[in-house]
Amino acid sequence: MKILIIEDDEETATYIVRGLREHGHVADHVTNGQDGLFMATSEIYDMIVLDRMLPGVDGIEVVRRIRAAGVKAPVLFLTALRGVGDRVQGLEAGGDDYLVKPFAFAELLARLNALARRPPLSQAPTVLRIADLEVDLMKRTAFRKGERVDLQPREFLLLEFLARHADRVVTRTMLLEGVWAFHFDPKSNIVETHMSRLRNKLSRGGKDAELIHTVRGSGYILRAPDA
């Protein structure tokens with residue numbers, strides 16, 4: 001792949017560029033947002049690795065501008081910011097994935113490979129349907145049997161994660177990382193509490209069949225009732 005690295009920390013950038021080139025990829029590197037904008041919009045890249053905090057034009061503004069310019073290359077954010085709000089802001093601006101510093105190169109490479117397997121943005125579905133449930137990723141809304149399900153922002157993120165992995169078991173660890181950006185177990189019932197609320201809202205207090213099922217000892221799965 002041809003990959004653009006927009007990172008102002010020379011040590012981190014050298015670490016990434018060397019690793020990518022050792023794995024046969026072409027890696028270009030710039031140190032600020034302005035140069036990153038120029039490179040991303042003047043050349044064609046398969047992937048962009050973008051630091052969240054950059055001098056001049058920050059990472060959020062960079063991804064907004066390149067998306068407005070029609071650049072569809074997947075963007076992986078790198079950041080020292082661990083807050084969920086920061087992660088959500090980056091994803092909503094047009095990023096595709098988020099990796100918190102410090103990180104292992106093996107994980108960075110795995111995430112880039114996973115992004116490369118996704119369909120292009122123009123082909124990616126914006127509405128996910130599971131049985132009579134409809135999840136609109138652009139409007140951030142959910143409907144069951146045509147009726148809107150009133151969800152809090154975190155509940156929607158949880159539903160979105162389950163819907164993207166429909167018919168597959170997701171573990172508690174996957175949910176903590178994918179929905180809360182926790183790279184450790186907080187030893188609380190945060191997942192169980194939000195899952196219980198989401199299940200109740202989707203079934204409309206038990207009036208409709210359950211869509212979220214517990215897989216004992218493994219995690220949860222979102223699937224049609226008769227699947």
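Start by selecting Gln89, which is partly exposed with a relative accessible area of 34%. Partly exposed lies between buried, under 20% relative accessible area, and exposed, over 50%, using a 1.4 Å probe and protein chains only. Gln89 sits in helix α4 (residues 84-93). Helices here are DSSP runs of H or I with at least four residues, strands are runs of E with at least two, and both are numbered from the N terminus.

Before moving on, a word about what is on your screen. This is a predicted model, in which local features need pLDDT of at least 70 and side-chain atom pairs count only at pLDDT 80 or more, while totals for chains, interfaces and linings use all residues. Residues are numbered from 1 along each chain as its sequence is written, and side-chain values use heavy atoms, with hydrogens and water left out.

Back to Gln89: which residues does Gln89 touch, not counting residues up to four places away in sequence? Select Arg52, Ile60 and Arg64 to see them. Contact means heavy atoms within 4.5 Å. Now add Asp46, 43 residues from Gln89 in sequence, and you will find 23 Å between the two, C-alpha to C-alpha.

**The five-stranded sheet**

Next, colour the strands β2-β1-β3-β4-β5, which in that order make an open sheet with parallel pairing. Two strands pair if DSSP finds at least two bridges between them. At the edges you will see β2 (26-30) and β5 (97-100), each pairing on one side only. On average, neighbouring strands of this sheet are turned by 20 degrees against each other, direction ignored.

Zoom in on β1 (residues 2-6) and β3 (residues 47-51), a parallel pair joined by four bridges. Pick Ile3 there, and its bridge partner in β3 is Met47. Then show α1, which packs on the sheet and touches β1, β2, β3 and β4 (75-79). The direction of α1 makes about 165 degrees with that of β2. Such angles run from 0 to 180 degrees between N-to-C directions, and axes are lines fitted to C-alpha atoms, for helices over the stretch in contact.

**Two helix pairs**

Keep α1 (residues 10-22) and add α5 (residues 105-116): their axes come within 11 Å and cross at roughly 60 degrees. The two helices are therefore oblique to each other. Angles under 35 degrees count as roughly parallel, over 145 as roughly antiparallel, 65 to 115 as roughly perpendicular and the rest as oblique. To see the contact, select Tyr15, Ile16, Gly19 and Leu20 of α1 with Phe105, Leu108, Leu109 and Leu112 of α5. This set divides into seven nonpolar, one polar and no charged. Ala, Val, Leu, Ile, Met, Phe, Trp, Tyr, Cys and Pro count as nonpolar, Asp, Glu, Lys and Arg as charged, and the others, Gly among them, as polar.

For another pair, show α2 (residues 33-42) and α3 (residues 59-68), whose axes are 10 Å apart at an angle of about 25 degrees. These helices are therefore roughly parallel to each other. Their contact brings together Gly33, Leu37, Ala40 and Thr41 of α2 and Val62, Arg65 and Ile66 of α3. Here the division is four nonpolar, two polar and one charged.

**The four-stranded sheet**

Now move to β6-β7-β8-β9, an open sheet of four strands in that order with antiparallel pairing. The edges are β6 (127-130) and β9 (147-148), each with a single partner strand, so one side of each is left without a neighbour in the sheet. Between β6 and β7 (residues 133-136) there are four bridges, and Leu128 has Val135 as its bridge partner in β7. Add α6 (residues 153-164), and you will see this helix lying across β6, β7 and β8 (141-144), at about 110 degrees to β7.

**Further along the chain**

Select α7 (residues 172-179), where Leu175, Leu176, Gly178 and Val179 are buried. Just after α7, stop at Ala181, which takes a positive phi of about 60 degrees.

Is Ser203 buried or exposed? Ser203 is buried, with a relative accessible area of 2%, and belongs to the loop between α8 (190-202) and β10. Leaving aside residues up to four places away in sequence, Ser203 touches Arg144, Asp208, Ala209 and Glu210.

Finish at the hairpin of β10 (residues 212-215) and β11 (residues 219-222), antiparallel strands joined by four bridges. Thr214 stands opposite Tyr220 in β11. Three residues lie between the strands of this hairpin, and Gly217 takes a positive phi near 80 degrees.
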